[in-house]
Amino acid sequence: MTKQFFDYAFFKGKIVPIEQANVPIMTNALQYGTGFFGGIRTYYNADDKAAYIFRLKDHCARFVNSAKLLEVSLPYSAEELFDIIKNLAEKNNPNTDAYLRPFAYVGNTALGPNLVNTTMDFALYMIPLKNYIPVHKGLSVCISKWQRIPKEAIPVRAKASGIYINSALARKEASDGGFDEAILLGAKGNVSEGSAENIFIVKDNVLITPSLSEDILEGITRRTIMELAKEMDIALQEKPISREELFNADEVFMTGTGCQVAWVKSIDKHMIANGKIGPITRKLQQKYFNIVRGIDKDHISWRTKLIID
Ligand code: PMP
């Protein structure tokens, strides 16, 4: 059986065996979701026996920015986080694709949701992870009855733990209805994002993705796809997308660190175009998978090579 976790975690300022990284049940973040997190992938290239962390610097920058948005402090700078994450990944010596989960949380046991005068505790663990959701089969997704939390309620660009009850509800709805994933609409009825993915559509050879004003998390995979599209001379627009435009699209796909680049075959059982993966999605997906694994040598600065056995 593949193991569920790698052996080591980073907890209370040092690398420890994962069994020692535990918090009391009274922990504030556990009760109230007073925390935020990141999600980072390492890819293993079996041919080169090399492992790479993808866009680590950008993930560290977003993590530090989450603290700023929530007006709390972190015990580490972005540069220190970079080293902590790289060191833990190397200590775990992965020979498979994996996922790193850094998180910052209110670790005290005070009663009441509380971000006042708080320096967050920090922890990091790592799990083996192949595909989070299928990337090649063509996803069957639903539009959720739950509305994406607006930035007027919680700063949505911070990956705040408490927000994810919104995602969990949408995922439950998808799963109960036999769908692979759910798409959430925003307050104005426009497409916002998936439970943990950004959305792209293609219409008349133009790649379109909801703008930041649509209460989305600014995904690092989203940014990657936009940068690759520009280099590949694919026309690109950031703008609000209505439910109608989504149904009428020539191609639809989802992006995220977990999901990577996964194409969508149907939405609420309505087939997208001819129900096959579209040419632009295919091109971007191939480029993405080759880059993250270092098969394609472009964008070397996006890959942090790990020193492993
Ligand atoms: N939206 C949400 C709500 C997410 O949780 C994620 C996953 N982090 C994404 C989008 C995609 O972001 P990224 O590409 O940075 O993983």
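**Hairpin of β11 and β12.** I started at the turn in this predicted model. The hairpin of β11 and β12 has two residues between its strands, and D204 takes a positive phi near 50° there. I then checked the pairing: β11 and β12 (residues 206-209) run antiparallel and are joined by three bridges. Looking across from I201, I found I208 of β12 standing opposite.

**Other partner of β11.** Next I looked up what β11 does with β14 (residues 251-256). The two strands pair in the antiparallel sense, over five bridges. I201 turns up again here, with V252 as its bridge partner in β14. So I noted I201 down with two entries: I208 in β12 and V252 in β14, because five of the six residues of β11 (residues 198-203) are buried and I wanted a residue to follow through this largely enclosed strand.

**β9, buried or exposed?** I went through strand β9 (residues 181-185) and found five of its five residues buried, which I logged as mostly covered. I also sorted the side chains by direction. E181, I183 and L185 point one way from β9, A182 and L184 point the other way, and all are buried. For pairing, β8 and β9 run parallel, with four bridges joining them. I picked out one position in that pair: C142 stands opposite A182 of β9.

**L129.** I wanted to place this leucine, and L129 sits in the loop between β7 (121-128) and β8 (139-147). Its relative accessible area is 16%, so I put L129 down as buried, the cut-off being under 20%. Which residues does L129 touch, leaving out those up to four places away in sequence? I got R41, D97, A98 and Y99. I also took a C-alpha to C-alpha distance from L129 to T42: they are 9.0 Å apart in space and 87 residues apart in sequence.

**Helices α2 and α3.** Last on my list was a helix pair. Two packed helices are described by the angle between their axes and the distance between the axes, so I looked up both. Helix α2 (residues 56-69) packs with helix α3 (residues 78-92) at about 125°, and the axes are 9 Å apart. That angle makes α2 oblique to α3. I have the crossing of α2 and α3 down as right-handed. From α2, the contact is made by L56, K57, C60, F63 and V64; from α3, by A78, L81, F82, I85 and K86. Sorting the contact of α2 with α3 by class, I got eight nonpolar residues, two charged and no polar.

Definitions and conventions: Residues numbered from 1 in each chain as written. Predicted model: local features only at pLDDT ≥ 70, side-chain atom pairs only at ≥ 80, totals over all residues. Heavy atoms only, no water. Axes fitted to C-alpha atoms, helices over the stretch in contact; angles between N-to-C directions. Parallel < 35°, antiparallel > 145°, perpendicular 65-115°, else oblique. Left-handed = near helix turned anticlockwise from the far one by under 90°. Contact = heavy atoms within 4.5 Å. Nonpolar A, V, L, I, M, F, W, Y, C, P; charged D, E, K, R; others polar. Buried < 20%, exposed > 50% of the residue type's maximum accessible area, 1.4 Å probe, protein only. Pairing = 2+ DSSP bridges.
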